[in-house]
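Welcome! Let's walk through this structure together, one question at a time.

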Amino acid sequence: MAFFEAIRDRAVSTLNQVLDKKNPSGLTKDQLFCRQYSLPDYETVLNESAAEVEVVSDFTTDAYKGVSSSMGREQFPQGRIFLTQHFIVFRDAYDKKNCSFTIHLSTVKKVERLPAKDYGFALSIHTHSKLQVTLYLVGLRSESERFAQTLKITLKKNLPNVKKLSPFIHTCYSEYLLAKNNISSEKIESVPPSGLGQVFKFPGNPKESRDKSKMKLWFDLFRVDGRNLSLVKTPMFYRLVRVGLPNRLRGEIWELCCGSMFLRLDHQEEYKKILEDYGKRKSLATEEIEKDLNRSLPEYAAYQSPEGIERLRRVLTAYSWKNPEVGYCQAMNIVVAALLIYMSEEQAFWTLNVLCDRIVPGYYSKTMYGTLLDQRVFESLVQNTMPKLWDHITKNDIQLSVVSLPWFLSLYLSSMPLVFASRIIDVFFLQGPQTLFQVALAILKVNGEDLLKTEDDGSFISIIKDYFQVLDQSAHPNSPNPKYKSITKFQELLVTAFKEFSIVNEEMIDVHRNRHRDTIFQNISTFVKRTELRNLPKAKNISPETLSILYDRFYSIVQSYSVTMASGSSLMDFKAFKSFMSDICEWVKPETSTDPADDVFLHHLFSNWDSEGQAALSLSDLVVGLNKLIEPDLMTSMSNFFELYDFKHKGKIDREGILQISEDLLYVTGPWKDGLLYDDITVNAMENAVADEVYKANTSNGDDGAKKDEIALPSEVQIDKQKLESQQIERYLKGASTFIQRAFEYAQPEEEEILIKDLAIDNSISHNAALNPNTPVFLNLPTFRMVILADETYELLFSRTLRKSINLEKSLDSKVNTIRNLRDMFDGLLADGRKVANKVRRRMDSAASSALQVNNNNSNSDATSMKSGRSKTQEEEEEQDDDFGVISIDEKDKDLLLGAEAQVLIDPVSNEPAKNKELQRFHKAEQEAAAASASFKSGTKIDDANLIEFET
Amino acid sequence: MSFPNPATSVKLVLLGEAAVGKSSLVLRFVSNDFQENKEPTIGAAFLTQKCTIGERTIKYEIWDTAGQERFASLAPMYYRNAQAAIVVYDITKPASFIKARHWVKELHEQASKDITIALVGNKYDLVEDDNEEDGLRKVSVEEGKGLAEEEGLLFFETSAKTSYNVNDVFIGIGSKIPETNAGNGAAPADQTGGEGRIDLTSNSVAANRAGECAC
């Protein structure tokens, strides 16, 4: 239960944070309603109506009462009445402070329908606190009927909750106070759980703060207006909060004002349960908490004793488990230490929840965005309300936040003596975060003249520091008027804050927050990004700039990412990974492809890169993996690829692995195999062909090419593109079929290590023997490399083609199709004509030199240049051959090395039949291999799977 | 004590993991005091202290920052325009040394180009009586020195509790800060040079220096 609630709460708070970020007013109507009336987030308005209310209690005759039956109906507050799952809520239409109430349905004893007088419809509600609240519903009779009906149903539904009421009110000091004075029918024998102040003394002098008189006033108010879960708030209520709460009642009024009381009622066992469930478990948060336990209000007696420290530890750790997104933030220790002076542990726990989740969201979160934002808001409020002081601050480069940030973050508790800070908190819980701003502005205002004389941070700070130490002194020490003289600096501060800066209300703060939100988020993201990039493992193949792009791409894809979360906690699942790869890799089919065969290689990469085995990749996993994939060194690149299939890290890949590699190579080389992309060999051939054409054109124009410095490239050249394309397709198919055949041919039997050089001369080990399923075979790294290097196209794949097909640098917003348009590419040959021009020049030079020897004959020199062009590729091929010179190809292998035949197969006019034929060949080879392994006893299942894939 | 020259103001920022003793170092330097349970710094604290090095007087404007990880995003606000930084770690906590490394990188990337940085391993008092093996010390002097050399930092091990080496840190930084005020010509021609490390290991010397530093 608690678990689901925790999840729900977190979801709600995350949602709120996200909404808060994106669209501050994006809360639903119900959510806004709950916030306005400090109700739990799960309440929704079931019905509402215009109404006038009359509140009568047994003690209404008491003198000070503003709303009483004797005053006549004209005086009844008019407003709106709302019904939610657990509450009846009313607010005065004109001024909330005139009359409002939030009555919990569990406190409703009886509802009567009154005989209609001049009003059409009246309901009388009798509460546990002996209030009689009469609602005169205004509106259509049918609507009023419906309201009454809904109320009836809701009350019935709430019945199971009523049993929670009695144990709960036994924890409320207000009830105890009345019971003790025989006002309440409730018998409360034991003193309700209280704050540490009860044992270790409350801060300040109770006589000076006239604690007793205040208590008497509250006592009267409770009798007349109700209390805790059924309280009618009248102007008196606000007045009594403003003058400072009596120490003993402080905790209860705080939780009533901020709404944490309702959470405590609804989740009576949760605090205890969290402590039981987590016990002594450790986390980063609990470690951080331990560091600070002895450093929280250390001067207060309770925090020099185990009792106080224990309470503090329990509340802070319980919260860190309840809301791991926030965990623990320094300053929370001070706030909770203060709460615990006036509140029981459970009260403090729920109040901390409301504080972090609702009142000041983001103040204590991992990025502290709320704190940063409100500091910026505060600065702009100073600028608006005290321009002269602001000019002075900026002129002298004074960092305002160094003084103001602790005020906000620790709710003045670390700045002012506790007696005064708790008075500010009285108002803070009543009217919200605007209080923090109002007081902060007032501090600067009151000290304005002195502050204007300062020139650096040091003197600025010390003026404020000194001021906090003399708050109890007279604000007008030299005034002859004793009444004036008795006003303390603290009183003066409050008056300035709540009178002069009353314009700084929630709306104004919201306007400012919205103005600065984006900048603050931008700054935080930049910082978080910098930190995370710095903490990534070293990736030599990825430049810092590229890393930065990868970071953005990673988080833009990981949907759940939000700045409010911890850096580095976001992970990428396979779906996101595929989307990521399809953005940057030319061989990854678009996200929309649903053919599972397309994902095999990606799945392979994914599980291989998943260092924690959590079926998700961190940014660091991704960077490490990509870094390997784009390795520029041919040998390393091949061994990286080999390692992907070497599951047991034994340097061996078995039969299934070999089949998998060949499948995956076929997948990866898809775009080139299908003629969608050109590799370097083809591009080079195209350049040669173009150069030939250009040269031909230039020389046939009769120009003396050798004399020309500038080679004019024509806007269009006709070459046989199709032929080159089909040659490439041919090469890739050949590469694929060659790979699988050679891999099995040179694969080694499990038992004995056979040297590569033996392979070449030992005819007894033929590929047929290797394909024999009775002989377990494996491929080791040198053999794998050899097989790859034996094929020009596959060698190029590992040295260049693969790396170049992964566009890590591609910017995030680029909408360009990943598969580059072939036409563009071809046109590019001419557009960036330098290479072609060089080739043409080379031809001209060679023509010129041959012209010295032979007569100037166009066709001759043309032939020479063509020849030289071709001989170059031949040379290259010879070089490749040299690379694997250890292997001499015997007669038997010739039919496998299709080089010579391939030429014949190419049909420049239509390459389709050739392609098909080649594909058939390839599949035949594969099937052969697969069939061989299918009959291989140990591993039939995997082979079957392979077989199916091959057949498709 | 009188100061022959007008003081040069130096903005100095302290960075490092939570509870490594940043505030305690400052408290020792500024008030020659030590508190066992010091309240954590919320955001940042600001203190000043003058320090005489040879002919020169330096007025340190010290920004002591909160150490908890999440406060890190506030740090740029404080190290902005800083001429000097002290990156502190706890020699009994390896994690704090890793954090120190990050802070050094952050400063090199983000702070003023010519910032003078001192790397300080604090809580030396805890390892003073360490035996070779299984002592409390978890970060060796060599590791600290290594990082300092790699990154071009001053390096000290200190104890805010016993005041060991504390003033030397500030003197060391002061002598590396380039003379900006033309009137203060008589700078001790920098000069501890590439070494840059004033490792005055004896307590008596430190105490001596402390005398010069009072104001």
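**Exploring the two chains**

Q: In what order do the elements of chain B run from the N terminus on?
A: This is a predicted model, and chain B has six helices and six strands in it. Reading from the N terminus on, the order is β-α-β-β-α-β-α-β-α-β-α-α.

Q: Over which residues of chain B is the pLDDT below 50?
A: Chain B averages a pLDDT of 82, and 79% of its residues score at least 70. One stretch falls below 50, although it has 44 contacts in the model beyond near neighbours in sequence. Where pLDDT is low, the predicted coordinates should not be read in detail. The stretch to treat with that care is residues 181-215 of chain B.

Q: How many of the nine residues of strand β1 of chain B are buried?
A: A residue counts as buried if 20 or more other C-beta atoms lie within 10 Å of its own. In chain B, 51% of the 215 residues are buried. Strand β1(B), residues 8-16, is mostly covered, and its number of buried residues is eight.

Q: Which residue of β4(B) is the bridge partner of Leu15(B)?
A: β1(B) pairs with β3(B) (residues 56-65) in parallel through seven bridges, and one of the partnerships there is Thr8(B) with Ile58(B). β1(B) also pairs in the parallel sense with β4(B), residues 84-90, over five bridges. In β4(B), the partner of Leu15(B) is Val87(B).

Q: Which strands stand at the edges of the open sheet in chain A?
A: Strands of a sheet pair through backbone hydrogen bonds, either parallel or antiparallel. In chain A, nine strands form an open sheet with antiparallel pairing, in the order β5-β6-β7-β1-β2-β3-β4-β9-β8. An edge strand has a single partner strand, so one side of it is left without a neighbour in the sheet; here the edge strands are β5 (108-114) and β8 (226-227) of chain A.

Q: Which residue of β7(A) is the bridge partner of Ala122(A)?
A: Strands β6(A) (residues 121-127) and β7(A) (residues 131-138) pair in the antiparallel sense over six bridges. In β7(A), Ala122(A) has as its partner Tyr136(A).

Q: Which helices of chain A do the buried residues of α12(A) pack against?
A: Helix α12(A), residues 284-293, has the buried residues Glu288(A), Ile289(A) and Asp292(A). They cover an arc of only 105 degrees around the axis, so they lie on the same side of α12(A). The helices they pack against are α13 (306-322) and α14 (332-342) of chain A.

How values were computed: Residues are numbered from 1 along each chain as its sequence is written. Chains are lettered from A and ligands numbered from 1 in the order in which they are written. This is a predicted model: local features need pLDDT of at least 70, side-chain atom pairs count only at pLDDT 80 or more; totals for chains, interfaces and linings use all residues. pLDDT is the predictor's confidence in each residue, from 0 to 100. Two residues are in contact if their C-beta atoms, placed from the backbone, lie within 7 Å. Helices (H or I, at least four residues) and strands (E, at least two) are DSSP runs, numbered from the N terminus. A residue is buried if 20 or more other C-beta atoms lie within 10 Å of its own, exposed if 12 or fewer, and partly exposed in between; C-beta atoms are placed from the backbone. The arc is that of the directions from the helix axis to the C-beta atoms. Two strands pair if DSSP finds at least two bridges between them.
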